[in-house]
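Q: Please show me how to read the pockets of a protein model, beginning with the kinds of residue that form a lining.

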Amino acid sequence: MNRVQRRTFAAIFGVFVLGTLVGCVSSPAESSAGTIGLLLPEAGVSRYETSDRPVFEEVVAKRCPECDLLYANAGSSAARQQEQAEAMLARGVDVIVLDAVDTVAAESIVAEASRHGADVIAYDRFIDHPDVDIYVSFDSELIGRIQADAVVAALPSEAGDLPGILLVHGSPTDPNAAALRAGVHDALEGANVEILGEFDAPAWSSTQAQEWVSGQLTQFPGRVDGIVAANDALAGGAIAALKAAGVDPVPPVSGQDGELSAIQRIVDGNQLMTVAKATDDQARTAAEIAVRLLRGEEPAAPSMILGVPSFVLAPTAVEQSDIERVIVQGRVHSVEAICTPDYADACVRIGLIDKEIP
């Protein structure tokens, strides 16, 4: 097979993979100003499909209607994400916005993009590669401190044994999880608590978090006074384990992402708090930067992280008293979505609604 044949085969293969694994958001236009690719890591965390993707698509369509936009969700598979990226590059994508399943494995995607002359925006998760052009995310270490501080503040204060806590961290392949862990440990340094155990949940698996917490409850009966869970999915798994073990009331459990199910757990008192990240703003920022890079501009970043120009957004702690202001007024979730019949009584109790929804 000669070079021309190889290129033809690569283009055909790329279109095939893109069609089967990616799904083209917009078909190529004759007067296209260029192509932007969005690669998200999973669908298990609801924000990616309900917030990040639609907002990103909306902003690109508004700011650059003549641009083509390609989209892929890797379903937590680093190998699939590699194939999706290669397919996009075969299609001639100019800018890739990459939220890596595995940030170490994703370094090869960045290197390949560089060879094709494509810009790379590391989205949500930092990729330690010199060819990353821009990083857009939240301050994960700060989020970890916020989570731990909230759980410690809610622990029982009576004299006796030190309160025991469990730490449920995120995926060991996600650098954000490492930053969260660092923030948690920073907040707990010198705190009057005993860390009973720590767990790194592979691929942010709520099922494995639930299994681990169940084992810890057996190992430390009556000793678990709080759980610092790195995100809402892990919090949900931890709370399921607590309920299955008959722990009542449920001790303070932290979370992150402001997922609807987590907000409902906070409303009814089963989850202490979550950390809301304005993922709309994050997606909007990344989309704006992608369009500007496509046009040859160089956005001025407010900070540098390991030599990469970075846009780092601030998170917000959300407990019961913050739901109206942060979640409802911030248009993260509506009262109607939160206060379904199963949660209507709890919504009345905390003043989110005046009377039960029929």
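A: For the residue classes, Ala, Val, Leu, Ile, Met, Phe, Trp, Tyr, Cys and Pro count as nonpolar, Asp, Glu, Lys and Arg as charged, and the others, Gly among them, as polar. This is a predicted model, in which local features need pLDDT of at least 70 and side-chain atom pairs count only at pLDDT 80 or more, while totals for chains, interfaces and linings use all residues. Residues are numbered from 1 along each chain as its sequence is written, and side-chain values use heavy atoms, with hydrogens and water left out.

Q: How do the residues of the lining of the largest pocket divide?
A: A pocket is an open set of points, on a 1 Å grid over the protein atoms alone, where a 1.4 Å probe fits, with protein on both sides within 12 Å along at least five of seven lines, and its lining residues have an atom within 4 Å of a point. Here the lining of the largest pocket divides into ten nonpolar, eight polar and eight charged residues. Of its 26 lining residues, Thr279, Asp280, Gly330, Arg331 and Val332 lie nearest the centre.

Q: What volume does the largest pocket have?
A: A volume is the space filled by probe spheres set on the points, which are joined across faces, edges and corners; for the largest pocket this is about 560 Å³.

Q: Which residues lie nearest the centre of the second largest pocket?
A: They are Phe126, Tyr135, Asn176, Ala179 and Ile305, out of 14 that line this pocket, and the space within is about 230 Å³. The lining of the second largest pocket comprises eight nonpolar, three polar and three charged residues.
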